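The following exchange sets computed values against the criteria behind the terms. Please consult the sequence and the model while reading.

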Amino acid sequence: MTPFDPETTTFLIAGPVRIHPRVLRAMSMSSLNHRGDYFHGIVAEIRELLPVLFGAKGHQVVLTGSGTAGLESVYSSLVPRDGRTLVVTNGNFGERTDQIVRRYSSTVTTVSAAWGEPLPVAGVRAELDKGDVKAVCVVHNETSVGLVNDLAAIAPAVRASGALFLVDGISAVAGIPLPIEAWGVDAVVAGSQKGLAAPAGLALVHLSDRAVAALRPGTFYLDLAAHLKSLEKNDTPWTPAVPLFLALREALLLLREEGLEARLARTHRLAEATRSAVDALGLELFPDRRFASDTVTAVQNPDGMGDAELRKVLERQYNVLVQGGQGSLTGRIFRIGHMGIADWPDLLVTFAALERVLAKAGRGREPASSLRAIVERMP
Ligand SMILES: Cc1ncc(COP(=O)(O)O)c(C=O)c1O
């Protein structure tokens, strides 16, 4: 097997995503005094840039820790101890939310759909109608099944109920439109390694005024009130992951240069091209096409081809990395991430390799049909 070389690998897993050389260079610096003026200046710049990421102003926090740290910070300090919390699940990360929330509340109602099924809107509305729900926790983009949850369909009911609206936006932010203010979202968690295309290891959290007013002490390390207080002085309560903050600033600058709207539009175009290319190969998407995610496309493995025959061959022979399924979907689906700085050459190489793998397995279609489908969608 060719040794893994990030420089020559076509890297389209569902995050972490490829990192721009400018972001890589930004973090290669010796240690800084995280209590000194230079680092305070970096934090100040990050604070100014965060609204570009979320597309909204508000109270915004950077936490050292992966996306799950951001989720834990939100659920531990905003899920009420003495009121009912609604968790919606239709994939692996919804179920993860359920597990986290249950650590902090014993009054949880879970409204579930099977993995990959659309958001159970009627079930959510029925629970909200009972009038005692204090918080609603939902994943915007279910990375595990390549499905975007139609939050617009539940947002007015959540707002009308008065419940806090807490959204896992880890694989959605900077990839799928999330109009925080229009939908009345109270907390959004983003992960540095997805649409923002920074290295893994930071969680970015947006909070509404309402959410800040409702904060109660959660975990010590991830105490959002403590982080907000320190950030007002361009500081962090504990030692932050300094190199990751440097990378974050550069990734945010890149996002500002491209523009959030332009990044969302580019991601959408890449997703449409990916779906067309999947069609051209005669493969099937995993979720209902109407809810197919713009950041991650989940595709059903052709009959008789598991990971060993498909994904592993792509990696071993063509240096193309896509991601497998999780849980019971292992070997049944594969997932192509196309967020962050992923671009047309990544798709062309990936589908050229995929066509060859299928053709060699006797499942070829007209040669280059998926490539034509992509090229036709290029700007
Ligand atoms: C929707 C969603 N939620 C939560 C997570 C967990 O994030 P992390 O692995 O950064 O802790 C992921 C990771 O892929 C995700 O896609």
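**Strands, helices and cavities**

In this predicted model, strand E14 (residues 333–337) runs antiparallel to E13, and two bridges join them.

Q: What makes E13 and E14 count as paired strands?
A: Pairing requires at least two bridges between the strands. E13 and E14 are joined by two bridges, so the criterion is met. Within this part of the sheet, Gly324 stands opposite Phe334 in E14.

Q: Why are E11 and E13 said to stand at the edges of the sheet?
A: The open sheet has three strands in the order E11-E14-E13, with antiparallel pairing. Strand E11 (296–300) and strand E13 (323–324) each have a single partner strand, so one side of each has no neighbour in the sheet.

Q: Why is Asp279 called partly exposed?
A: Buried means under 20% relative accessible area and exposed means over 50%. Asp279 has 35% relative accessibility, so the term partly exposed applies. Asp279 belongs to helix H11 (residues 260–280). The C-alpha atoms of Asp279 and Tyr104 are 44 Å apart, with the two positions 175 residues apart along the chain.

Q: How does the span of helix H2 compare with the expected value?
A: Helix H2 (residues 37–54) has 18 residues. At 1.5 Å a residue 26 Å is expected, and the distance from the first C-alpha to the last is 26 Å, so the two are close.

Q: Where does H2 bend, and which proline follows?
A: The bend, of about 30°, is at Glu48, and Pro51 follows within four residues. After H2 comes Gly55, with a positive phi near 65°.

Q: Which residues of H2 are called buried, and on what ground?
A: Phe39, His40, Ile42, Val43, Ile46, Leu49, Leu50, Leu53 and Phe54 are buried. The term applies because each has under 20% relative accessible area.

Q: What makes a space in this structure a cavity, and how many of 30 Å³ or more are there?
A: A cavity is space where a 1.4 Å probe fits but cannot get out. The structure holds three such cavities of 30 Å³ or more, and the largest contains about 50 Å³ of space.

Q: How do the residues lining the largest cavity divide by class?
A: Seven are nonpolar, four are polar and none is charged. The lining includes Val62, Leu63, Thr64, Tyr221, His227 and Trp238. Tyr and Trp count as nonpolar, and no Asp, Glu, Lys or Arg is in the lining, so the charged class is empty. Strand E2 (residues 59–64) gives the most to this lining, with three residues.

Methods: Residues are numbered from 1 along each chain as its sequence is written. This is a predicted model: local features need pLDDT of at least 70, side-chain atom pairs count only at pLDDT 80 or more; totals for chains, interfaces and linings use all residues. Side-chain values use heavy atoms; hydrogens and water are left out. On a 1 Å grid over the protein atoms alone, a cavity is a set of points where a 1.4 Å probe fits but cannot get out, and a pocket is an open set with protein on both sides within 12 Å along at least five of seven lines; lining residues have an atom within 4 Å of a point. Grid points are joined across faces, edges and corners, and a volume is the space filled by probe spheres set on the points. The bend at a residue is the angle between axes fitted to the seven residues ending there and the seven starting there. Buried means under 20% relative accessible area, exposed over 50%, partly exposed in between (1.4 Å probe, protein chains only).
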